[in-house]
Amino acid sequence: MSEFWLISAPGDKENLQALERMNTVTSKSNLSYNTKFTIPDFKVGTLDSLVGLSDELGKVDTFAESLIKRMAQSVVEVMEDAKGKVQENLLANGADLTSFVTHFEWDMAKYPAKQPLVSIADTLAKQLAQIETDLKSRTAAYNALKTNLENLEKKSTGTLFTRTLSDIVSKEDFVLDSEYLVTLLVIVPKPSYVQWQKTYESLSDMVVPRSTKLIAEDNEGGLFTVTLFRKVIDDFKTKAKENKFTVREFYYDEKEIKREREEMTRLLSDKKQQYQTSCVALKKGSSTFPDHQVKVTPLGNPDRPAAGQNDRERESEGEGEGPLLRWLKVNFSEAFIAWIHIKALRVFVESVLRYGLPVNFQALLLQPQKKSSTKRLREVLNSVFRHLDEVAAASILDASVEIPGLQLSNQDYFPYVYFHIDLGLLD
């Protein structure tokens, strides 16, 4: 499963025994895989500051999760033809997300634990806000390019009535630079080809004999040329319409046709160069977590080398990747790392608020083994830790007890500190 439960309980003897009992029960029943989740010794500050910080961290947590989901979806959109390779490109410091979470270590260099908690939270919030700002501008540019390209591509498809003709016609199809003559393009239904050949010369005066030529076809009809004197254009159009022939408004302009073709070529080239990836880049699979060390790539600067990389490693790592995909991968990692640090901060703050001072609690990371076992796992945890909140436990476990103003269900009853981490970012 791609979800984790991050919990904490007081670190006294009674609760350490409860943790051991929980590990034993969940292990025997194969309910979850449990590991310790290490959190630094932060500066606690005042109770009022912790209460305010608790609310703020909740908002930043929600924002961070939303941001990384949007970034994951952007990777899906950018990778287009290689969507099956998306998951292995959503990494945190080169590790798959599960490995990063299960081997999490606080980054002391980037978020010094000796700073006030409010300062650490502010640094994380500003970092995420900057990533979101950059994401909006980069995806806006990408979407504008896609829209322009799609509009041009639409012009190259569809029927002869609507599609662009610049990739169909050629200079040789037209009489050009004539003061008196002009070449028109006429769409003729397929069943009317014979009728067109017999009648086009007589639809109006001054039509050049044997001047028609079929230059393109679709499922509905064909595109024919016809040359006539300019002075009879309106009369010819009227007679053609009466015979269910459609004159397509088109005048050959070599410069305009060249511009349109160059625009299509440019947009295709820009999309490929800026956003697509090569097979070389996509072969970069998930790696094992190297020595459980957290290395943070500089924010918003994918070209700056990460610590410990040599030039050859960096060159091969980015080979075949356009700037947008490279930026998304680097900053997805940044945002995800920040998100898990926020989870760690929340566990610390909520544990102090619930269990009091001095700071003494144990944080654990639980990975439910099956979706069907989560309800049973919740029941086991509530039973093991019910002593942490006997009043709430009584309202849940004894239906005959009514406590005014207290309405809880098994779904929102947590006698312990609890947070959820869902790694199903593409679900």
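Asp107 is buried in this predicted model. Even so, Asp107 has no salt bridge. Its nearest side chain of opposite charge belongs to Lys110, and that side chain is 6.2 Å away. A salt bridge needs a side-chain nitrogen of Lys or Arg within 4 Å of a carboxyl oxygen, so Lys110 does not qualify as a partner for Asp107. What does the Asp107 side chain have beside one of its polar atoms? The backbone nitrogen of Ala109 lies 3.1 Å from such an atom. As for location, Asp107 sits in the loop that separates helix H3 (97–102) from helix H4 (117–155).

Go back along the chain to helix H2, residues 47–79. How far apart should the ends of H2 be at 1.5 Å a residue? Its 33 residues should span 48 Å. The end C-alpha atoms are 48 Å apart, so the expected span and the model agree. Just after H2 comes Glu80, with a positive phi of about 40 degrees.

Now turn to the strands. One open sheet holds four of them, in the order S2-S9-S1-S10. The pairing is antiparallel. Strand S2 (32–36) and strand S10 (417–422) are the edge strands, and each pairs on one side only. From one strand to the next, the twist averages 25 degrees. Look at the S10 edge. Strand S1, residues 3–10, is joined to S10 by six bridges, and the two run antiparallel. To find the register, start at Ser8: its bridge partner in S10 is Val417.

Another open sheet of four strands has the order S6-S7-S5-S8. Here too the pairing is antiparallel. Its edges are strand S6 (213–217) and strand S8 (246–248), each pairing on one side only. The twist in this sheet averages 35 degrees from one strand to the next.

The S6 edge is worth tracing residue by residue. How many residues lie between S6 and S7 in their hairpin? Three residues lie between them. S6 pairs with strand S7, residues 221–229, in the antiparallel sense over four bridges. Two facing pairs help you follow the register. Ala216 stands opposite Leu223 in S7. Lys213 stands opposite Thr225 in S7. When you view the side chains, keep one general point in mind: in a regular strand they alternate between the two faces of the sheet.

Key:
Residues are numbered from 1 along each chain as its sequence is written. This is a predicted model: local features need pLDDT of at least 70, side-chain atom pairs count only at pLDDT 80 or more; totals for chains, interfaces and linings use all residues. Side-chain values use heavy atoms; hydrogens and water are left out. Two strands pair if DSSP finds at least two bridges between them. Axes are lines fitted to C-alpha atoms, for helices over the stretch in contact, and angles run from 0 to 180 degrees between N-to-C directions. Buried means under 20% relative accessible area, exposed over 50%, partly exposed in between (1.4 Å probe, protein chains only). Lys and Arg count as positive and Asp and Glu as negative; His and the chain ends are not counted. A polar contact is a pair of N or O atoms within 3.5 Å; within protein, one must be able to donate a hydrogen and the other to accept it, and residues adjacent in sequence count only if both atoms are side-chain atoms. The expected span of a helix is 1.5 Å times one less than its number of residues.
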